[in-house]
Amino acid sequence: MSQQTALPVEEDSPSRGLVLTEVPRPAETAAPRERWMHVIQGLLNLIVQKPRAVTLRLGVARTPEELAAVGALRLRVYQAKLPYLLQELSDTGLDAYDAQSFVFAIWRGSQVVATLRATRYPYETLRYVPEAELAGWLKKGWDSDFVEWGRLVVERTEGINRLAPALLCCAGMYLRANTAYRHYLAYTRPHVREQSLGGFRTDKDALTFRIPSRGEHHYMLAKGNFLRTLLFEGPRWAGAFLKKMGQRRLGSSPPRGRA
């Protein structure tokens, strides 16, 4: 029998009383994950702008220690920039949705500098959007083929840029390669969606709603397809790769003397 955890839903939530059923995460076969993680790690280094001496590592947080590091980052960043979101987290920086999510993180040594999660159905969005409305907007496979992006947190680190787009793209490639999920959804403020979630492509149509406890402003729900996004971004990544290779060759070439 699966264990049920009551979700701490806000008083103004349209889905008050929602219960999360904790089920095992989708099976991830060891061989494909190891093979693709090598490729994904290369993609991370390609997208992120950083000094060559800085080493970054992407992975899925699974152990209590890894999840604790993710929670600590959330608490640090929320305390400094988004204090109104602290009420949604436990004292450890986690919440009820983490148990049914792929929690991605970028490590610099033993410290997490960026994190993002992909949540299976039931989505956090159902706290604010009625299930029938969300199903009609996502259409076929809405509760089986989609994951929901959430808890994107990046700590500003001097000399390191583009962590957010790198995390989104690498996590998307991981899910496309190792799971049956093919689509994603995410809610953001309108100005964030206009930036295509840090370079991650979204469909043109959007669903608008409010979260009363966060103020009078609106949020927009975006959706997209992993494969289309990866194919769209591919040429840009290839261009960045060739540019980096050219810079490294110039930097390693001996200076030419006069004849």
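The chain contains 7 helices and 9 strands, taken as DSSP runs (helices H or I of at least four residues, strands E of at least two) and numbered from the N terminus. This is a predicted model, in which local features need pLDDT of at least 70 and side-chain atom pairs count only at pLDDT 80 or more, while totals for chains, interfaces and linings use all residues. Residues are numbered from 1 along each chain as its sequence is written, and side-chain values use heavy atoms, with hydrogens and water left out.

**Overall features**

- Of the 259 residues of the chain, 46% are buried, meaning under 20% relative accessible area (exposed is over 50%, partly exposed in between; 1.4 Å probe, protein chains only).
- Contacts are heavy atoms within 4.5 Å; of those between residues at least 6 apart in sequence, 68% join residues at least 24 apart.
- The chain exposes about 13,900 Å², of which carbon and sulfur atoms supply 55%; the areas come from the Shrake-Rupley method with a 1.4 Å probe, and for residues only the protein chains shown count as cover.

**Nonpolar cores**

- A nonpolar core is a set of buried Ala, Val, Leu, Ile, Met, Phe, Trp, Tyr and Cys residues joined through side-chain atoms within 4.5 Å.
- The largest such core has 36 residues, and Phe104, Ile106, Trp149 and Leu175 touch the most other members.
- At least two residues of this core come from each of helix 1 (30–47), strand 3 (57–60), strand 4 (101–108), strand 5 (111–119), strand 6, helix 4 (163–178), strand 7 (183–188) and helix 7 (226–252).
- Helix 4 provides the largest share of this core, 10 residues.
- Another core, of 17 residues, lies apart from it and includes Trp137, Tyr187, Ile211 and Leu221.
- Beyond its neighbours within four places in sequence, phenylalanine 104 has contacts that include Gly59, Val60, Leu116, Leu167 and Leu175.

**Helices 2 and 4**

- In helix 4, 13 of the 16 residues are buried, so this helix is largely enclosed by the rest of the structure.
- The expected span of a helix is 1.5 Å times one less than its number of residues; for the 16 residues of helix 4 this gives 22 Å, in agreement with end C-alpha atoms 22 Å apart.
- Helix 2 (residues 64–81) has 18 residues and an expected span of 26 Å, which agrees with the 26 Å between its end C-alpha atoms.
- The buried residues of helix 2 are Leu67, Ala69, Val70, Gly71, Leu73, Arg74, Val77 and Tyr78, and their cover includes strand 4, strand 5 and strand 6.

**Arginine 151**

- Arginine 151 lies in strand 6 (residues 146–154) and counts as buried because its relative accessibility is 9%.
- Its side chain makes polar contacts with the side chains of tyrosine 78, at 3.4 Å, and glutamate 88, at 3.1 Å.
- A polar contact is a pair of N or O atoms within 3.5 Å; within protein, one must be able to donate a hydrogen and the other to accept it, and residues adjacent in sequence count only if both atoms are side-chain atoms.
- Not counting residues up to four places away in sequence, arginine 151 also touches residues including Arg74, Asp95, Thr115 and Glu124.

**Cysteines**

- The whole structure holds 0 disulfides, a disulfide being a pair of cysteine sulfur atoms within 2.5 Å.
- The sulfur of cysteine 169 has its closest cysteine sulfur in cysteine 170, 6.8 Å away and therefore too far for a bond.
- Cysteine 169 is buried at 3% relative accessibility, and cysteine 170 is buried at 0%.
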